[in-house]
Structure formats: C-alpha cells, structure tokens
Amino acid sequence: MPPFSRRLASCWLLFFASLVVCPGAAAATPRNELLRLVPPDVGFCLVIEDLRGRSAAFFASDFARHFRESPLARALAQDPEVRKLLAFDQVLQKQLGISAARLRDDILGDAVVVAYRPGPPGKPEQEQGLFLVRARDARLLAELVQRLDQVQKESGELKEVEIRTYQGRTYHRRVERKGETYYYRSGPLLALSPQEAMLRQALACDLTAPADEEPPIACQLRRLGADRQLVAVWINPRAFTAEIEGKAGRAGAAEAAALNNFLTYWKALEGIALSAGAPQDFELRLSLRARTEELPAPARRLLAAAAQPASLWARFPDDALLAAAGRLDAEALLGVLDGFLTPATRRALYDSLDRTLGAALGRAGIKELLPHIGPEWGLCVTAPPAGSNWFPHAVLALQVRPGNPTDPVDQALLSALHSCAMLAV
C-alpha cells in the first residue's frame, strides 16, 4: 500500500506525540458525528474514541502506578529520545499556546478519525486521506487553527489561505511551500485533507446522510464488535480487490495460484476490524465478518471448530501475564493451506513432513497424525514466584488423542518431545 501523503502523516505525528507526552444505535455520539463524513468506500478507517476518559482511567490504574515506580520507567526518563518527546510539551506551549495535556483532552479527547482510500491499480499517486477531529472545546479549536496558520505564515511554510464554498459550506484552501491542504471547521468539528475532492466528498456525505441513521462504517464496527474500544481500525476488503487481482494476473504460476486462492477468501469478507482497549486488562481483538457459504469446505470446517469455546480458559490462572486458547481443526487447516500451493509444491511439502515429523513419531505420513492432534490448544505466561529469578514461566498446551490403543499417538508424541528436550540439553 502506498504511504500517506507527508501532510497527512504530520497530523499523525502530532496526534501520537501528544499520547506519548501525556501520560450501538445511531446516537449522535462524537464518533458517529465524524463517521457521517467518511465515504463508505474508503480502504480503511481508524477511530479513536474517548481518549480523555480512557487516558485518565489508565493513569489512575494500578498498572500505571507500578510502572511509574519501576526501574524501567526511571531508565526511560533518562533516555535522550524520551527527553525529546517530553520537550514536545514545551514546544506546543511556545508555538501554539496549548499544552499537550489540553491538546489531548480538549481537542483530541472526544473522537479522532483517520480515513484512507488507495489509488486505483497502478496509480498510487491518486491516494486520498481524510483527518477528522471532534473537539470538546470548539473555541479552543478555532483559536488553535488560527494560531497554526499564523505560525506557519511567519515561518514561510504557509503562503496563502483561500476561502472556498461547496454546496453552501465554507472551507479553506491552504497553499503551503510544499503543497496544498484543505480544511473545513464547523463548531467543534474539523476535517482536513490533502485532496480537495476528498474533503468535498466528506461534506457531501454530511449533507446527504440521514440524521437518524447509523453511519455505514459505525454499523460495520458494531457488527464486528469493535465499536466500544479505545482504538479500532476498520478495513474495507472491496477497496483492495482490484489491486490483488492485478497482482495475480501478473504473477508467475506458483504466486498466481496462491493469490487466486486468497481472492476466494478475500471476496467473501465483508469487513475486518482490529481493535484495542483496556476496560480492565489490555485487550487486543481481530474480528472478521464474511459470507461463510462462499468459503471452501476446509475453511468452513476450520471456522466451525474455532467458534466453539476452549475449556483451557478455565485451567489458566486469572492473574496470568498472557493467556491465549482456542480450538483448531488440524486437518481443516492443512486443507486450507493446500489451496495456496501448486500440486508440485504440495507434494514436496508432504514429503518433507513425512520424512521429518512422521518419521520421528513412527508414522507413515503426516495425514495419519493430524486427526489425533487438537482441537484444544493454549498458551499461558505467568509471573515467576517470589524469590526466584525474573524470567516468567510459560506453559504451552496441546490436546492429543491416543488413536490406536496398541500404538497410541499421544505416547509417541510425548516420546518425541522428550527426545528433543534431551537433545537440546
């Protein structure tokens, strides 16, 4: 994917630097006010909601308190690069008259949205970006925009600010030394884009979207279970389909086979979301919504197994540093992988597995072993006991069924693992 334009990337830097420095329905929430302006055909959309409230909760948490008292925090405080970030607050106050904490709470604290649309295949220069903010303090937002214009004019970075209109809405064109940006401000809302067409499309969406309906991307996030997190990234598979098809058409036989099989899965997807939050413990979630009836049979079988709850969760301690568990159909997984390989590559892979893993377990082939592996798997990492060394303890669990009573697979696997451990020692 081609990179964001430099001007839109500068907005990202300003936003993330402020983070480092400072420790359902169609309701008119700040997030939905912004998502009304986002065209539904963008490639991806990043949403950050209630940064102010969630930051306050995080800094008041036991985790933050313990971290501030830790040797790592004291060491980071002396790091030159971290000191430069801490100096960012002084730069903000000197140049723009606003502290990093107030920037976070009163400007970025309600909702922030970044949307991106890739250029057509072979035309990455036609990419488009959109940066949206819904501020708590509308007056401060207006003053900040004015001060930014003034500072950039004094430095020579900004040459001219021109007023334009579109369907009764007034927006501004900023002629900069290295390009142009366009912005629209209305009360607490600010929309910024390096492309005038993108800004106008955002204004058109705001004018035509029914006030009592949920914005399309907000609906997608809710269906993916990513609508109540601090950070959520929604990916629109349709925006990248043409590019993948073009690569498949130009690829060699092996790569084309993999890409064409990937397209089968990709076209069945309706949306992808990656979200993160910390209601109590930090949570990272990947969600996919697809028309499963369009997927190959091995994939449907793999998803059916993964959708069932794993009993290993009940065996892991509540205070684990890291815990992961699930259900995996090993035969179905191999069937999914088969589709990405050419016949020659598939034969070579099976021959290699049979010579290594199959031989180590005394089995004729890998396919004889797979029905007895899983479906339960899990990983648990816990803090070391008091008085021991600092290294965490980890347990990897995998369910193995015996199979043939006279030649049980579980005992063969245990014996092979024991031999590997002894060899490592």
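Buried means under 20% relative accessible area, exposed over 50%, and partly exposed in between. The exercises below apply this cut-off and others to a predicted model.

**Exercise 1. Overall description**

State how many helices and strands the protein has, and what share of its residues count as buried.

*Solution.*
1. The protein contains 18 helices and 13 strands.
2. Of its 425 residues, 40% count as buried.
3. Along the principal axes, the C-alpha atoms fill a box of roughly 85 × 60 × 40 Å.
4. The accessible surface amounts to about 23600 Å², and carbon and sulfur atoms account for 59% of that surface.

**Exercise 2. A salt bridge between distant parts of the chain**

Determine which residue forms a salt bridge with Asp 41, and classify both partners as buried, partly exposed or exposed.

*Solution.*
1. A salt bridge requires a side-chain nitrogen of Lys or Arg within 4 Å of a carboxyl oxygen of Asp or Glu.
2. The partner of Asp 41 is Arg 117, with the closest N and O atoms 2.7 Å apart.
3. Asp 41 sits in the loop between helix H2 (30-35) and strand S1 (44-49), while Arg 117 belongs to strand S2 (residues 111-117).
4. The two residues are 76 residues apart, and the pair links distant parts of the chain.
5. Arg 117 has 13% relative accessibility and therefore counts as buried.
6. Asp 41, with a relative accessible area of 41%, is partly exposed.
7. In total, the structure holds 29 salt bridges.

**Exercise 3. The buried face of helix H3**

Identify the buried residues of helix H3 and explain why they line one face of the helix.

*Solution.*
1. Helix H3 spans residues 51-59, and its buried residues are Leu 51, Arg 52 and Ser 55.
2. Viewed down the axis of H3, these buried residues fall within an arc of 95 degrees, so they line one face of the helix.
3. The background is helical geometry: an α-helix has 3.6 residues a turn, so residues three or four places apart point the same way.

**Exercise 4. A salt bridge with two buried partners**

Locate the two residues of the salt bridge between Arg 52 and Asp 110, and decide whether each is buried or exposed.

*Solution.*
1. The side chains of Arg 52 and Asp 110 meet at 2.6 Å, N to O.
2. Arg 52 lies in helix H3 and Asp 110 in the loop between helix H8 (100-107) and S2, so the salt bridge ties together parts that are 58 residues apart in sequence.
3. Arg 52 is at 19% relative accessibility and thus counts as buried.
4. Asp 110 is at 10% relative accessibility and likewise counts as buried.

**Exercise 5. A salt bridge within one helix**

Explain how Lys 247 and Glu 243 are placed in helix H12, and classify their accessibility.

*Solution.*
1. The side chains of Lys 247 and Glu 243 meet in a salt bridge of 3.9 Å, N to O.
2. Both residues lie in helix H12 (residues 238-250); because they are four residues apart, about one helical turn separates them.
3. Lys 247 counts as partly exposed at 43% relative accessibility.
4. Glu 243 counts as partly exposed at 28% relative accessibility.
5. Elsewhere, a network of salt bridges links Glu 162, Arg 164, Arg 173, Glu 180, Glu 196 and Arg 200.

**Exercise 6. Cysteines**

State how many disulfides the structure holds, and examine Cys 205.

*Solution.*
1. A disulfide is assigned to a pair of cysteine sulfur atoms within 2.5 Å.
2. The structure holds zero disulfides.
3. For Cys 205, the nearest cysteine sulfur is that of Cys 45, 12 Å away, and Cys 205 is in no disulfide.
4. Cys 205 is buried, with a relative accessible area of 15%.
5. Cys 380 also counts as buried, at 6% relative accessibility.

**Exercise 7. A nonpolar surface patch**

Name the residues of the nonpolar patch and the helices that give two or more residues to it.

*Solution.*
1. The patch on the surface is formed by Phe 58, Phe 63, Phe 67, Leu 72 and Leu 76, which together have about 480 Å² of accessible area.
2. Helix H4 (62-68) and helix H5 (71-77) each give two or more residues to the patch.
3. Leu 72, for example, is found in helix H5.

**Exercise 8. A serine in a strand**

Describe the location of Ser 193 and its contact with Gly 129.

*Solution.*
1. Ser 193 lies in strand S7 (residues 189-193).
2. At 0% relative accessibility, Ser 193 is classified as buried.
3. A polar atom of the Ser 193 side chain lies 2.6 Å from the backbone oxygen of Gly 129.

How values were computed. Residues numbered from 1 in each chain as written. Predicted model: local features only at pLDDT ≥ 70, side-chain atom pairs only at ≥ 80, totals over all residues. Heavy atoms only, no water. Buried < 20%, exposed > 50% of the residue type's maximum accessible area, 1.4 Å probe, protein only. Arc of directions from axis to C-beta. Patch = residues over 30% accessible without salt bridge, like charges linked within 9 Å, V, L, I, M, F, W, Y side chains within 5 Å. Areas by Shrake-Rupley, 256 points an atom, 1.4 Å probe, with all protein chains shown as cover. Polar contact = N/O pair within 3.5 Å; in protein donor to acceptor, adjacent residues only side chain to side chain.
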